[in-house]
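User: I would like to learn how to read the features of a structure like this one. Could we take them in turn, with the general idea followed by the case at hand?

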Amino acid sequence: MTEPSATFLLFGATGDLARRMIFPSLYNLLSDGLLPDDFLIVASGRSDMDDEAFRKEVDAALRQFLPADRYDGDVAARFVALIGYQPVDAGNADQFAKLAERIDGRLERGLSVYLSTPPSLFAPTAQGLSEAGLITPHTRIAMEKPIGKDLASSKIVNDGIGALFVEEQIFRVDHYLGKETVQNLLALRFGNVMFEPLWNTTAIDHVQITVGETVGLEGRVSYYDGVGALRDMVQNHMLQILSIIAMEPPARMDPTAVRDEKVKALRSLRPMTAETVKHLSVRGQYTPGAVGGQIVTGYADELGQPSDTETFVALKAYIDNWRWQGVPFYLRTGKRMPARQSEIVIQFKPVRHSIFGRDGQHGAGGTGLEPNTLVIRLQPEEYIRLQIMTKRPGLERQVQLEEVTLDVSLTAAFAGQRRRIAYERLILDLLAGDQTLFVRRDEVEAQWAWIDSIIDGWREANVKPAAYSSGNWGPSSAIALIERDGASWHD
Ligand SMILES: NC(=O)C1=CN([C@@H]2O[C@H](COP(=O)(O)OP(=O)(O)OC[C@H]3O[C@@H](n4cnc5c(N)ncnc54)[C@H](OP(=O)(O)O)[C@@H]3O)[C@@H](O)[C@H]2O)C=CC1
Ligand SMILES: O=C1O[C@H](COP(=O)(O)O)[C@@H](O)[C@H](O)[C@H]1O
């Protein structure tokens, strides 16, 4: 089927993600004329309400979460008129039958189902859809993260869904893949001739990936505690970024070629052990402090009890393949960091031989020679900066070098272009059936296999989170993790 799905069925429609991201994204797509004619949105949650009551809730969410200049009352009225609400408890077969009545006669034109519910409901929901006759070759199913909490449980979820859908119908969402800046990594690497020859152990000293957040638990206590930063952020978003940085060039931009290369990189991650986690990983948990001038409470206070869940993690990872032999990938992510800042830093090696120092050695003679650094800022700003060496103007007998920045601000270069919500891209691709920016089963499982090795290592070696004051880049051991190697975090 080449036409986009004519019906979008959203489970979890009363939830936080639907209100903040999914409805605003659908609204934007409608406003830009990107939804098919005669499009129907069937929204479902456990709560009982009628179409009108739910439409009012969606309108309120649009007013709250769209930028003020995006909300247009006429478009919003057209948008909510597309939505019907049907209460369904995932375990209630009768309610699935009522849901099917809403979609009656439309299945041939394609149904895209989106599961924005807790993952424990994915398989029962798929079962309910099947029993109600809603699964046909024209049905697709999208699932939010997390897929499980370890490799074993992710296999159970994948098996449950896989029993009713073939892989080509399954769209595992990682919203980072919908971000322009993450897709731009592919453009940077494979749309330019100058980076690829240097993109390996010969020229690269190390790679840093940082995803810093200033927020704390944000009311997601019941989800987050026991999950922690490693499972919440590294297992999915950060490993997806790492796989795009590390993969071999795919033959073409299609779902199989791209995902084949990503999974090879993920499978090459060196597993950790109880011995190696002690020097390759740091766990942290925030305590009271100040973020952006505001005093905030600690994690345990927000939770109401002590906990061993990490809100920060830093890792030194190795990818055991030809390209990346000996190149450490330093990853760190945390809540209550000093800034919301996500970036990738490619630290190149020094030039092989310095012609500038008095004795010909690199860095000798105080000439200021430094290795090149490529900084790719993903958010909140979007830019690519390359630090290169230039001659400082002057008449000194010995050439003095200074770093200058080649600065490509994507925000400025594309100033006329509206920044899209990541979910807009993903929903559009789901409707169109393009899986390139969705995560394949083998990728999720390779990600979990590596994460499990760290969690097992932590358990066996009894590694607990170290305290860090909110507003800092994690515990001091996270700084030591990289400084031991003679490098430092690019803050
Ligand atoms: N919020 C976020 O920023 C992010 C969330 N996610 C993931 O997205 C999913 C949804 O998250 P979020 O919106 O925050 O969660 P919420 O807890 O806010 O919403 C959960 C939704 O699931 C519905 N639900 C709960 N139990 C049942 C049931 N037995 N049968 C049918 N529906 C049920 C709820 O319906 P009702 O309210 O009517 O009871 C509600 O619509 C989760 O998997 C989460 O991990 C992923 C990335 C970010
Ligand atoms: O998936 C998640 O992502 C958000 C961070 O997303 P971003 O787009 O704002 O960078 C994180 O806050 C949340 O804990 C996690 O579940």
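User: Where does proline 146 lie, and what is the form of the peptide bond from lysine 145 to proline 146?

Analyst: The general step is to place the residue among the helices and strands and then to read omega, bearing in mind that this is a predicted model. Proline 146 sits in the loop that runs between strand E5 (139–143) and helix H6 (151–162), and the bond leading into this proline from lysine 145 is cis, with omega near 0°. A second case is proline 380, in the loop between strand E14 (373–379) and strand E15 (383–391); here the cis bond is with glutamine 379, and omega is about 5°.

User: Which sign does phi take in glutamate 218, and is glutamate 218 buried or exposed?

Analyst: For this feature, one reads the backbone angle together with the surroundings of the residue. Glutamate 218 has a positive phi, near 50°, although the residue is not glycine; its place is the loop between strand E7 (204–212) and helix H8 (221–224). Because 11 other C-beta atoms lie within 10 Å, glutamate 218 counts as exposed. Asparagine 462, also not a glycine, has a positive phi of about 55° and belongs to the loop between H15 and strand E17 (466–469). With 7 other C-beta atoms within 10 Å, asparagine 462 is exposed.

User: How should I read the burial pattern of a helix, and which residues of helix H5 (residues 122–131) are buried?

Analyst: One lists the buried positions, looks at their directions around the helix axis, and then asks what covers them. In H5 the buried residues are Phe122, Thr125, Ala126, Gly128 and Leu129. Viewed down the axis of H5, these fall within an arc of 160°, so they line one face of the helix. Packed against them are strand E1 (7–11), H4, strand E4 (111–115), E5 and H6. Just after H5 comes glycine 133, whose phi is positive, about 75°.

User: Within what arc do the buried residues of H16 fall?

Analyst: Helix H16 (residues 476–483) has Ala478, Leu481 and Ile482 as its buried residues. The arc that holds them is 80° when seen down the axis of H16, so here too they line one face of the helix. Their cover includes strand E8 (281–287), strand E11 (312–317) and strand E12 (329–334).

User: Into which domains is the chain divided, and where does the largest nonpolar core lie with respect to them?

Analyst: It helps to set out the domains before asking which of them supply a core. The chain is divided into domain 1 (7–144) and domain 2 (177–421 + 441–483), and 35 Å separates the C-alpha centres of the two. The largest nonpolar core has 115 residues, of which Leu10, Ile141, Ala142, Val234, Met238, Ile241 and Leu331 touch the most other members. Its largest share, 11 residues, is supplied by helix H9 (residues 228–246). Since domain 1 and domain 2 both give residues to this core, it lies between them. For one of the core members, alanine 142, the contacts beyond four places in sequence are Ser112, Val113, Tyr114, Leu115, Phe171, Val173 and Leu430.

User: Which residues come nearest to ligand 1, and how does the shell divide by residue class?

Analyst: A ligand shell can be read by proximity, by the elements that supply it and by the character of its residues. Of the 22 residues around ligand 1, those that come nearest are Gly15, Leu17, Gly45, Arg46 and Ser47. Helix H1 (residues 16–31) gives the largest share of the shell, three residues. By class, the shell holds 10 nonpolar, seven polar and five charged residues.

User: How far apart are the C-alpha atoms of aspartate 89 and arginine 46?

Analyst: The idea here is to compare separation along the chain with distance in space. Aspartate 89 and arginine 46 are 43 residues apart along the chain, and their C-alpha atoms are separated by 5.1 Å. Aspartate 89 belongs to the loop between strand E3 (83–85) and helix H4 (93–103), and its contacts beyond four places in sequence are Arg46 and Gln95. Aspartate 89 is partly exposed, because 17 other C-beta atoms lie within 10 Å.

Notes: Residues are numbered from 1 along each chain as its sequence is written. Chains are lettered from A and ligands numbered from 1 in the order in which they are written. This is a predicted model: local features need pLDDT of at least 70, side-chain atom pairs count only at pLDDT 80 or more; totals for chains, interfaces and linings use all residues. A residue is buried if 20 or more other C-beta atoms lie within 10 Å of its own, exposed if 12 or fewer, and partly exposed in between; C-beta atoms are placed from the backbone. Helices (H or I, at least four residues) and strands (E, at least two) are DSSP runs, numbered from the N terminus. The arc is that of the directions from the helix axis to the C-beta atoms. Two residues are in contact if their C-beta atoms, placed from the backbone, lie within 7 Å. A residue is near a molecule or strand if its C-beta atom, placed from the backbone, lies within 6 Å of it. Ala, Val, Leu, Ile, Met, Phe, Trp, Tyr, Cys and Pro count as nonpolar, Asp, Glu, Lys and Arg as charged, and the others, Gly among them, as polar. A nonpolar core is a set of buried Ala, Val, Leu, Ile, Met, Phe, Trp, Tyr and Cys residues joined through C-beta atoms within 7 Å. Domain bounds come from an automatic or database domain assignment.
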